[in-house]
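Please walk me through this chain, starting with what counts as buried and ending with the places where the backbone takes a less usual turn.

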Amino acid sequence: MKTAEDRFGAARHPGANEPCWCGSGKKYKRCHQQSDEAGSSEAAVRPVARVLPGRVTAGRPVPASIPRPDYAKTGKPADDGPIDEVKTPEQIARMRRACQAAAQVMELTSKAVRPGITTDELDAIAHQACLDRGGYPSPLNYHGFPKSICTSVNEVICHGIPDSRKLEDGDIVNLDVTVFLDGMHGDCSATYLVGTVDQSSRQLVQVTRECLQKGIEAVKAGARITRVGEAIEAHAAKHHYGVVRAYCGHGIGERFHSTVQVPHYPDPEIRWVMKPGMTFTIEPMITLGTWEHRVWPDGWTAVTADLKRTAQFEHTILVTDQGAEILTLP
């Protein structure tokens, strides 16, 4: 990835035949050039810095001795039909090991976040840390994803592909780490400050962390899973932030993503009831502006439609009789 202009400089419009800044994949002249030149309100709300695609290297190798998930070779996870979302004690024990490995990889990788490091270098650190623990980096070749973690910078909501872009002073970056170990996936993410970050972004990151905690506190056996989204959106709304609707938390275990969906906003159509032994992720994506999104032509990178910044935090949790146990705490 690369930025279209200096972090604190004036925004540079693309050339007429260059890709539009909005990520639509269209040429600038056929997308936002006219409105930008007219000084439209949409142009006025665009952030100073924008993230654009950079050079992506090949996925990193995994030794043959490391057990792999079913999609590691083909890129296509097997669909074995419905599964029991309530885990057995033996499955929960394996989940704990996978989640602890993910938390350790996250902690180690996050220590390398600094101005000047590339997101691809962060991917290399996380990849090796995963292998060192006997795990497989779950994102690698999942539906063809080319790298071992997701790195989402500034306006990138999620699924950012690690590449040649160097982190810059003032950026924020989300690291999304999932490890496949002992036949289970453990999933977590967190947003980090890079160097000296403006107050608006720092508050966004703090409130997003609080939204995750509110969602976890809402977990209650016997209650509908929509309680989680109700708690998250209520807290975000106090700060006039948006809550992304296109992506949600999910059931997890022997499958990277199983049937359960955990929206981060109230959704009356979600009928799942939380039961002791269920494991799923809660991963709110909170925005400074609109909750609407666009996806880059790479088919993965999701950005806010107004290109304002966004943050995310995520834990894998286990539903218990008392509430929630966070499996991915360091």
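A residue is called buried here when its relative accessible area is under 20%, exposed when over 50%, and partly exposed in between. The model to which this is applied is a predicted one. His127 has 4% relative accessibility and therefore counts as buried. This histidine belongs to helix H4, which covers residues 119–132. Apart from its neighbours within four places in sequence, His127 is in contact with Arg60, Pro61, Val62, Pro137, Leu140 and Ser148.

For the chain as a whole, 54% of the 330 residues are buried. The chain has 6 helices and 17 strands. Of the contacts between residues at least 6 apart in sequence, 71% join residues at least 24 apart.

Pro146 gives an example of a contact between distant parts of the sequence. Pro146 is placed in the loop between strand S3 (136–137) and strand S4 (150–153). With residues up to four places away left out, Pro146 touches Val56, Ala58, Gly59, Leu140 and Ile161. Val56 is 90 residues from Pro146 along the chain, yet their C-alpha atoms are separated by 8.4 Å. Leu140 is among the residues touched by Pro146, and Leu140 is also in contact with His127. The relative accessible area of Pro146 is 24%, so this proline is partly exposed.

Next comes helix H6. Helix H6 runs through residues 226–238, 13 in number, and spans 19 Å from its first C-alpha to its last, close to the 18 Å expected at 1.5 Å a residue. Its buried residues are Thr226, Val228, Gly229, Ile232, His235 and Ala236. An α-helix has 3.6 residues a turn, so residues three or four places apart point the same way. The cover over the buried residues of H6 includes helix H5 (199–217) and the strands S8 (242–243), S10 (258–262), S11 (279–282) and S12 (285–287). After H6 comes His240, with a positive phi near 60 degrees.

The packing of H5 on H6 can be described further. Their axes come within 8 Å and cross at roughly 150 degrees. Since angles over 145 degrees count as roughly antiparallel, H5 and H6 are roughly antiparallel to each other. The crossing of H5 past H6 is right-handed. On the H5 side the contact is made by Val207, Glu210, Cys211, Lys214 and Gly215, and on the H6 side by Val228, Ala231, Ile232, His235 and Ala236. These residues divide into 6 nonpolar, 2 polar and 2 charged. Of the H6 residues in this contact, Val228, Ile232, His235 and Ala236 are among the buried ones.

Strand S10, part of the cover over H6, holds Gln261. At 41% relative accessibility Gln261 is partly exposed. Leaving aside neighbours within four places in sequence, Gln261 is in contact with Ile225, Cys248, Gly249, Ile270 and Trp272. Gln261 and Phe280 lie 19 residues apart in sequence and 8.3 Å apart in space, C-alpha to C-alpha.

Two loops remain. Asp182, between strand S6 (172–181) and strand S7 (184–193), has a positive phi of about 55 degrees although it is not a glycine. Leu307, in the loop between strand S14 (302–304) and strand S15 (310–312), is likewise not a glycine and has a positive phi, near 60 degrees. Asp182 is partly exposed, because its relative accessibility is 33%, whereas Leu307 is buried, because its relative accessibility is 2%.

Key
Residues numbered from 1 in each chain as written. Predicted model: local features only at pLDDT ≥ 70, side-chain atom pairs only at ≥ 80, totals over all residues. Heavy atoms only, no water. Helix = DSSP H or I, 4+ residues; strand = E, 2+ residues; numbered from the N terminus. Expected span 1.5 Å × (residues − 1). Buried < 20%, exposed > 50% of the residue type's maximum accessible area, 1.4 Å probe, protein only. Contact = heavy atoms within 4.5 Å. Axes fitted to C-alpha atoms, helices over the stretch in contact; angles between N-to-C directions. Parallel < 35°, antiparallel > 145°, perpendicular 65-115°, else oblique. Left-handed = near helix turned anticlockwise from the far one by under 90°. Nonpolar A, V, L, I, M, F, W, Y, C, P; charged D, E, K, R; others polar.
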